[in-house]
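Trainee: I'd like a close look at a single part of this protein, and I'd like to see how that part fits with what surrounds it. Could you walk me through one spot?

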Amino acid sequence: MSGTVVKLLMAGCVESSAAIGQALIDYGRPIRLHRVDTQRDLVRALESGDWQLVFSDLELSDFTAFDLVRLLDEKNLAVPLVVIKG
């Protein structure tokens with residue numbers, strides 16, 4: 001693998017994160033996947049990272065993908081968001 005690291009933020013459970021990480025292994029570029037599962041950790045990650053793509057389960061323990069959309073808007077972050085349900 002070569003090239004720049006793709007920085008992905010995953011708001012979701014361990015199983016979803018593992019499945020997405022596994023699916024992206026063959027992407028051809030190194031991937032840095034950071035998982036959060038609480039709103040507090042999500043806010044910290046959004047403030048500290050320069051994310052290129054965000055994946056989110058539809059519902060988590062204390063926030064939803066809709067809350068994440070509002071946070072991205074409030075912080076003026078133009079990052080693609082992929083919502084997953086499963």
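Mentor: Let's start with Ser17. If we leave aside the neighbours within four places in sequence, Ser17 is in contact with Met10, Gly12, Leu33 and Arg35. Keep in mind that this is a predicted model. Ser17 sits in helix α1, and at 7% relative accessibility Ser17 counts as buried, because the cut-off for that is under 20%.

Now step back to see what helix α1 is resting on. Helix α1 covers residues 14–24 and lies across β1, β2, β3 (53–57) and β4, running at about 170° to β2. Those strands form an open sheet of 4, in the order β2-β1-β3-β4, with parallel pairing. The edges are taken by β2 and β4 (81–84), each with a single partner strand, so one side of each has no neighbour in the sheet. From one strand to the next, the twist averages 20°. As background, strands of a sheet pair through backbone hydrogen bonds, either parallel or antiparallel.

The pairing of β2 is worth following. Strand β1 (residues 6–11) pairs with β2 in the parallel sense over 6 bridges. One residue pair to look for is Ala11 and its bridge partner in β2, Val36.

Back to the contacts of Ser17, beginning with Leu33. Leu33 is in strand β2, which spans residues 31–36. Leu33 touches Ser17, yet Leu33 is partly exposed, with a relative accessible area of 32%. Leu33 also joins Tyr27 and Ile31 in making a nonpolar surface patch of about 250 Å². So on the one hand Leu33 contacts a buried serine, and on the other Leu33 contributes to that patch.

Arg35 is another contact of Ser17. The side chain of Arg35 meets that of Asp37 in a salt bridge, at 3.4 Å from N to O. How exposed are the two partners? Arg35 counts as partly exposed at 32% relative accessibility, and Asp37 counts as partly exposed at 32% as well.

A search of the whole structure finds 4 salt bridges, so let me show you two more of them. Lys75 and Glu47 meet through their side chains at 3.1 Å, N to O. Lys75 lies in the loop between α3 and β4, while Glu47 is in helix α2 (residues 39–48), so this pair ties together parts that are 28 residues apart in sequence. Lys75 counts as partly exposed, at 30% relative accessibility, whereas Glu47 counts as exposed, at 55%.

The other one is in helix α3. There the side chains of Arg70 and Asp67 meet in a salt bridge at 2.5 Å, N to O. Both residues lie in helix α3, 3 residues apart, which is about one turn of the helix. Arg70 is partly exposed, with a relative accessible area of 47%, and Asp67 is partly exposed too, at 23%. As for the helix itself, α3 (residues 65–74) lies across β1, β3 and β4, running at about 170° to β4.

To pull the view around Ser17 together: a buried serine in helix α1 reaches Leu33 and Arg35, along with Met10 and Gly12. From there you can trace Leu33 to the nonpolar patch and Arg35 to its salt bridge with Asp37.

How values were computed
Residues are numbered from 1 along each chain as its sequence is written. This is a predicted model: local features need pLDDT of at least 70, side-chain atom pairs count only at pLDDT 80 or more; totals for chains, interfaces and linings use all residues. Side-chain values use heavy atoms; hydrogens and water are left out. Patches are made of residues with over 30% relative accessible area and no salt bridge: like charges are joined within 9 Å, nonpolar side chains (Val, Leu, Ile, Met, Phe, Trp, Tyr) within 5 Å. Accessible areas come from the Shrake-Rupley method with a 1.4 Å probe; for residues, only the protein chains shown count as cover. Helices (H or I, at least four residues) and strands (E, at least two) are DSSP runs, numbered from the N terminus. Buried means under 20% relative accessible area, exposed over 50%, partly exposed in between (1.4 Å probe, protein chains only). Two strands pair if DSSP finds at least two bridges between them. Axes are lines fitted to C-alpha atoms, for helices over the stretch in contact, and angles run from 0 to 180 degrees between N-to-C directions. Contact means heavy atoms within 4.5 Å.
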